[in-house]
Amino acid sequence: MLIATPNGPARLLTKRLRRPCFFTRFLTNISRGLSLPGLIFMLNMEATFTIIGGGIAGLTAAIALRRQGIDPLVFEAAPELHPVGAGLGLAANAIRALALLGVEKEILAKGRFLEGMAFRTDKDALLIRMDTATITQRAGQDNFCIHRGDLHEALLHHLDRSRIFTGKALESVVHDGGRLRLRFRDGSEHLTDYLIGADGIHSAVRHVVLPDVQPRYAGYTCWRCVVPGAQPKGLQGVEEILGPAGRFGIVPLAGNRTYWFACVNAPRRDPGMQNADAAALAHIFAAYPARVLDLLKASEGQPLIWGDITDLPAGHRYDHGNIVLIGDAAHATTPNMGQGACQAIEDAVILAAEIGRHRNDPAEAFRRFTNRRLERTRMVVRRSRMMGQMAQWQHPVLRALRNMLFRLTPQAVFRRQLVALYNVDLT
Ligand SMILES: Cc1cc2nc3c(=O)[nH]c(=O)nc-3n(C[C@H](O)[C@H](O)[C@H](O)COP(=O)(O)OP(=O)(O)OC[C@H]3O[C@@H](n4cnc5c(N)ncnc54)[C@H](O)[C@@H]3O)c2cc1C
């Protein structure tokens, strides 16, 4: 690795990042219970893999690659790997993917299963209730919700921390012979054969290969919060309340905590929205059911996570020679289907499987990965965007139409869509 001195040119830091010797790696991999093909791969493979981004996609990809006998380095921009964030729904497809990596037990122990999903009006009238447990049984796993910080912690537990470098914000990538030279904001550099961009919706890696692909605003802004000890009575699954002021979602978490989110139509980067606190939201949602206002009252003093909702337009490939994009860096979606992180986890498992299958030609693995992922991830982005638009409708006629559609659509239609979503080939 090349490290820049404060006042001088970059110098090579070889000791810190030198690959462990062959026998050390061999013995470590045996002790890790690596499969026979993985061990054979390790004997042949000297190419280096680097992951940019230590979020859900990056950490899951690192775990999945380790199972294939590859020990990637992970570079993360944040100064520390701090467990932060609000609640996160992991649908049956993501839990199946995590189970394939053998990491699901620890994750399941930190969250709770969700029995269903209900949509209601601001006057508390039921629009539709879906019993997702019977649907997910067919996929072999239930839907699940966890605190994002707990998920990060559980993933990190399965990785060698000495291979993860924090405070490393990637700035540029240049081709150097057949390799890639990565340059970080702190002036340091690193050479790699293959690069996996898992650095989220504002990906620096994507900026290198697809400079014209930019996040697009969905038209609404969102606050999230986790409140301890304020779980509304009888809440077993996700509840979304739709009305003229916007959308309010309530999700039970393990440990008697409640995760809520609120989405309101607004101009992009509105300072008024950015500065809104729980009391301001109580004003916006004043006409919603009492449990919404109770939750907002209980959130006073708790940190809110705020952000405009954006996604990425479709039309680009995820493989670019020896660079590949995964997770939000490739196909960020609005959160309306609760599938962004789920698709990132699927990406990690499928990418590693393809690399395992094309051990001597990872660029071919990247191509096959894209071919397998394009249609599905585009479908999620498209459908999620449409669902978000409908959920945010404010005009009374449009809202009445939407509510009627919810009431009239047979459960079997939703069920079919969910079954198709959850049953994905992860091998
Ligand atoms: C309001 C909301 C609710 C959501 N709810 C759900 C849900 O219930 N279920 C679900 O499945 N998904 C949900 N999502 C989507 C989910 O959060 C994302 O899809 C998921 O976090 C993507 O993971 P990722 O690792 O690809 O990207 P990120 O989580 O964005 O991680 C990227 C990582 O890369 C790092 N990074 C960025 N730039 C650089 C750089 N230049 N150099 C080095 N490192 C860098 C970042 O610091 C970060 O750690 C939600 C999203 C939102 C906004």
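**Exercise 1. In which order do the 3 strands form an open sheet, and is the pairing parallel or antiparallel?**

Solution. Start with the ground rules: this is a predicted model, in which local features need pLDDT of at least 70, side-chain atom pairs count only at pLDDT 80 or more, and totals for chains, interfaces and linings use all residues. Residues are numbered from 1 along each chain as its sequence is written.

Step 1: strands (E, at least two residues) and helices (H or I, at least four) are DSSP runs, numbered from the N terminus. Two strands pair if DSSP finds at least two bridges between them.

Step 2: read off the order, β5-β9-β6, with antiparallel pairing. The edges are β5 and β6 (112-113), each of which pairs on one side only.

Step 3: look inside. Between β5 and β9 (residues 144-147) there are 4 bridges, and L88 has I146 of β9 as its bridge partner.

**Exercise 2. Trace the open sheet of 6 strands from edge to edge.**

Solution. Step 1: the order is β10-β4-β3-β14-β21-β20, and the pairing is mixed.

Step 2: the edge strands are β10 (164-165) and β20 (319-320), each pairing on one side only.

Step 3: at the β20 end, 2 bridges link β20 to β21 (residues 323-325) in the antiparallel sense. Here D319 has V324 of β21 as its bridge partner.

**Exercise 3. Describe the hairpin of β7 and β8.**

Solution. Step 1: β7 (residues 117-121) and β8 (residues 126-130) run antiparallel and are joined by 4 bridges. A118 stands opposite R129 in β8.

Step 2: now take the turn. The hairpin has 4 residues between the strands, and D124 takes a positive phi near 75°.

**Exercise 4. Find the residues that touch the most other members of the largest nonpolar core.**

Solution. Step 1: set the terms. A residue is buried if 20 or more other C-beta atoms lie within 10 Å of its own, exposed if 12 or fewer, and partly exposed in between, with C-beta atoms placed from the backbone. A nonpolar core is a set of buried Ala, Val, Leu, Ile, Met, Phe, Trp, Tyr and Cys residues joined through C-beta atoms within 7 Å. Of the 427 residues in the protein chain, 42% are buried.

Step 2: the largest core has 102 residues, and A61, V205, I326, I345 and A348 touch the most other members. Helix α13 gives the most to this core, with 11 residues.

Step 3: zoom in on I326. Leaving out residues up to four places away in sequence, I326 touches A57, A61, I196, A198, A344, D347, A348 and L351 (contact: C-beta atoms, placed from the backbone, within 7 Å).

Step 4: a separate second core has 5 residues, including L312, A332, M337 and V381.

**Exercise 5. Characterise the shell around the ligand.**

Solution. Step 1: 34 residues surround the ligand (C-beta atom, placed from the backbone, within 6 Å of it). The closest are G53, G55, G200, G327 and G340.

Step 2: sort by class, giving 18 nonpolar, 11 polar and 5 charged residues. Ala, Val, Leu, Ile, Met, Phe, Trp, Tyr, Cys and Pro count as nonpolar, Asp, Glu, Lys and Arg as charged, and the others, Gly among them, as polar.

Step 3: assign the elements. α3 (56-66), β5 (87-90), β15 (216-228), α12 (328-331) and α13 (340-357) each supply at least two residues, and α13 gives the most, with 4.

Technical notes. Two residues are in contact if their C-beta atoms, placed from the backbone, lie within 7 Å.
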